[in-house]
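Open the model in a viewer and keep the sequence panel in sight. The stops below go from one selection to the next.

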Amino acid sequence: MTDLLDRTAPTDTPILDVLSQRWSTRAFDGATAIDEDALAAALEAARWSPSAFNNQPWRFIVARRGSDTHAKVVDSLVAFNQAWAASAGALVVFVAELSRDGREFPSALYDLGQAAAHFTVQAHSGGLATHQMTGFDPDAVAAAFGLDGDLRPFTVMAVGAAGTIDDAPVASRDGERAPRVRRPIVESAVVNA
């Protein structure tokens, strides 16, 4: 068996272990229920992420495997993502609140991204594996859960116990084993003076 969570990034500068060891797997243990305490902690971390003017323009749809909610979220995923994400202990839809009471939130997607990042780091710290995806039908999710025009489903995150390489779809196994790479910081920093 391969411990898929033990894939520490080869960083150029030391960073927190919880960051260097976090990665997005497509191999989830479909038999293990979601760790409710770790999930609650991840949601709490997302709740306490920063946002412009403390607007907190995020909402979450938490769908545990085996529930009708989970089935609706799985149905919204593209076929490739259905093949692996349905095994995760839960699927969390991250929803941006684009406006409230007629006031637009221009930073809603940025703030939602921070909430998702805080969720991901806390989940990993609590022993959960995660993988975010945009391969889903946001309109189907909005219709299934009665979300109004101010609420936009933006991403779905699979979260749960990591599986082994055998739990990943055959088409994903090479990616699960591949070295972790990122472009150098010099190529990302437009200015670094």
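Start by selecting A90, which stands opposite V159 in strand 6. This is a predicted model, and every value in the tour is computed from it.

**The sheet**

From A90, extend the selection to strand 2 (residues 90–97) and then to strand 6 (151–160). These two strands run antiparallel and are joined by eight bridges. Further along the pairing, A96 stands opposite R152 in strand 6.

Now add strand 1 (58–64). Seven bridges join strand 1 to strand 2, and this pair is antiparallel too. Within it, F60 stands opposite F94 in strand 2.

Add strand 5 (129–133) to complete the sheet. Four strands make up this open sheet, in the order 1-2-6-5, with antiparallel pairing. Which strands stand at the edges? They are strand 1 and strand 5; each has a single partner strand, so one side of each is left without a neighbour in the sheet. From one strand to the next, the twist averages 25°.

**Strand 2 and what covers it**

Select strand 2 alone and colour it by accessibility. Eight of its eight residues are buried, so strand 2 is largely enclosed by the rest of the structure. In a regular strand, side chains alternate between the two faces of the sheet. On one side of strand 2 are A90, V92, F94 and A96, and on the other L91, V93, V95 and E97; all are buried, and both faces are covered.

Next, show helix 5 (residues 108–125). Helix 5 lies across strand 1, strand 2, strand 5 and strand 6, and runs at about 155° to strand 2. Then show helix 6 (residues 138–145), which lies across strand 1, strand 2 and strand 6 and runs at about 95° to strand 6.

**The nonpolar cores**

Select L77, A85, L91, V93, M133, V156 and A158. In the largest nonpolar core, which has 19 residues, these touch the most other members. Strand 1, helix 3 (68–76), helix 4, strand 2, strand 5 and strand 6 each give two or more residues to this core.

Centre the view on V93. Leaving aside residues up to four places away in sequence, V93 touches R59, F60, I61, V73, V141, P153, T155 and V156.

For the second, separate core, select I34, W58, A115 and A123, which are among its 18 residues.

**The aromatic pairs**

Switch the aromatic side chains to sticks. How many aromatic pairs are there? The count comes to three.

Take F28 and W84 to begin with. Their ring centres are 6.2 Å apart and their planes are at 15°, so the pair is stacked. F28 lies in the loop between helix 1 (17–20) and helix 2 (36–47), while W84 lies in helix 4 (residues 79–85), so the pair ties together parts that are 56 residues apart in sequence. Both F28 and W84 are buried.

Go back to F94 and select F119 with it. This pair is edge-to-face, at 5.5 Å centre to centre and with 85° between the planes. F94 belongs to strand 2 and F119 to helix 5, so the pair ties together parts that are 25 residues apart in sequence. F94 is buried, with a relative accessible area of 0%, and F119 also counts as buried, at 0% relative accessibility. Add F60 to the selection: ring pairs link F60, F94 and F119 into a cluster.

For a ring with a charge over it, select W23 and R7. The charged end of R7 sits over the ring of W23, 4.2 Å from its centre.

**Two last stops**

Select H70, found in helix 3. Is this residue buried or exposed? At 5% relative accessibility, H70 counts as buried. Not counting residues up to four places away in sequence, H70 touches A63, R64, R65, A86, A88 and L91.

Finish at P184, in the loop between helix 7 (173–177) and helix 8 (185–188). P184 counts as partly exposed, at 36% relative accessibility. Select T11 as well and draw a distance between the two C-alpha atoms: P184 and T11 are 9.6 Å apart in space, C-alpha to C-alpha, and 173 residues apart in sequence.

Methods:
Residues numbered from 1 in each chain as written. Predicted model: local features only at pLDDT ≥ 70, side-chain atom pairs only at ≥ 80, totals over all residues. Heavy atoms only, no water. Phe/Tyr/Trp six-rings, centres within 6.5 Å; stacked < 30°, edge-to-face > 60°. Buried < 20%, exposed > 50% of the residue type's maximum accessible area, 1.4 Å probe, protein only. Lys NZ or Arg CZ within 6 Å of the ring centre and 35° of its normal. Core = buried A, V, L, I, M, F, W, Y, C linked by side-chain atoms within 4.5 Å. Contact = heavy atoms within 4.5 Å. Pairing = 2+ DSSP bridges. Axes fitted to C-alpha atoms, helices over the stretch in contact; angles between N-to-C directions.
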